[in-house]
Amino acid sequence: MSTGASRPTVGAVVLTMNDRPEEFPRAMASLLAQEGVDLDVVVVGNGCVPEQVPEGVRTVTLPENVGIPEGRNAGADRVEGDHLFFFDNDAHLPDTDTLARLAAELRRDPQLAYVQPRISDPVTGVTLRRWVPRLRASDPARPGTVTVMAEGVVMVRRDAYDRAGGWPGHFFLFHEGVELAWRLWDLGCTGRYVPDIVVHHPATNPARHDTFYRLNARNRVWVARRNLPRLLVPVNLATWCLITLWRIRDRQALRVTLAGFREGLSGGQGPRRPMSWRTVFRLTRAGRPPVF
């Protein structure tokens, strides 16, 4: 792809465990078909040597599965670009200008650190509630400023990503998007949801992972303990506990969730970098106080 001074530069990171022989080639083909950007792509093998990688695409082989956020960090260290695009390997881009349009959003607003497209199931067109990065998710077509992100398909400004310290690698899975978004907001940045830019992704249930309930609970505690002012930590966790008790009906799932919650309270979250009260106010004004 030819280089032009006005073209956005994008470093794209894709993880693989060689377990999606149909979805992965489609994801890569849609990524490499993107127009209007200078694209640098790396495929990270999380505990494997990447297979089915298109010719000319660089790879990174991690000797063990270090989890999704740390795998993304490893990929981000090896790509160049003013913007980083993190892309699940079972998603695909239905249009060839998706990256150019996402990058244009970032270039128009210097305060904007990340932009998320609308993610929808390619068969049903459904956008899952967890893919809409705001509390009121009933209308997935409503754009606007957002304070969290669906991390599987998102573009982040590179300099802001570096200043925020990247993804929390030791989380392994779940809530790393909340962590990174909060850190970006604490830098004085914002995020935006742009639903007229659509990316396809199968609507799967995160509870299909054996570790879902434990890691979901543990990491929720870690996010609060790492990022919130001390006065807000118990408020955040009490709110989450009440919502969890109301939502989860399966006793075994509830037991595992409580075990994960206790694990989070026992430590391991890493160093605290509590956000300022100014950031708390900005998040609240943007529609999502950091107690939910």
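**Entry 1: R183**

I began with R183 and asked whether this residue is buried or exposed. In this predicted model, R183 has a relative accessible area of 6%. Buried means under 20%, so R183 counts as buried. I then located R183 in helix α5, which covers residues 176–186.

Which residues does R183 touch, once its neighbours within four places in sequence are left aside? I recorded contacts with A164, R226, N227, P271 and R273.

**Entry 2: F212**

I next looked up F212 and placed this residue in helix α6. The relative accessible area of F212 is 14%. That value is under the 20% limit, and F212 is therefore buried.

I also compared the position of F212 with that of P8. The two residues stand 204 residues apart in sequence, and their C-alpha atoms are 37 Å apart in space.

**Entry 3: the span and faces of α8**

I turned to helix α8, which runs over residues 251–265 and has 15 residues. From its first C-alpha to its last, α8 reaches 21 Å. This is close to the 21 Å expected at 1.5 Å a residue.

Which residues of α8 are buried? I listed A253, T257, G260, F261 and G264. Looking down the axis of α8, I noted that its buried residues fall within an arc of 105°, so they line one face of the helix. On the other side of α8, I found R251, R255 and R262 exposed. I then asked what covers the buried residues of α8. The cover includes α6 (212–227) and α7 (233–247).

**Entry 4: the two ends of α8**

At the N-terminal end of α8, I identified D250 as the cap. A side-chain oxygen of D250 lies 3.1 Å from the backbone nitrogen of Q252. Just after α8, I noted that G267 takes a positive phi of about 120°.

**Entry 5: α7 against α8**

Two packed helices are described by the angle between their axes and the distance between the axes. I therefore looked up both values for α7 and α8. The two helices pack at an angle of about 170°, and their axes are 11 Å apart. Angles over 145 degrees count as roughly antiparallel, so α7 is roughly antiparallel to α8.

Which residues meet between α7 and α8? From α7, I recorded L237, W240, C241, T244 and L245. From α8, I recorded L254, T257, F261 and L265. T257 and F261 had already appeared in my list of the buried residues of α8.

Key
Residues numbered from 1 in each chain as written. Predicted model: local features only at pLDDT ≥ 70, side-chain atom pairs only at ≥ 80, totals over all residues. Heavy atoms only, no water. Helix = DSSP H or I, 4+ residues; strand = E, 2+ residues; numbered from the N terminus. Buried < 20%, exposed > 50% of the residue type's maximum accessible area, 1.4 Å probe, protein only. Contact = heavy atoms within 4.5 Å. Expected span 1.5 Å × (residues − 1). Arc of directions from axis to C-beta. Polar contact = N/O pair within 3.5 Å; in protein donor to acceptor, adjacent residues only side chain to side chain. Axes fitted to C-alpha atoms, helices over the stretch in contact; angles between N-to-C directions. Parallel < 35°, antiparallel > 145°, perpendicular 65-115°, else oblique.
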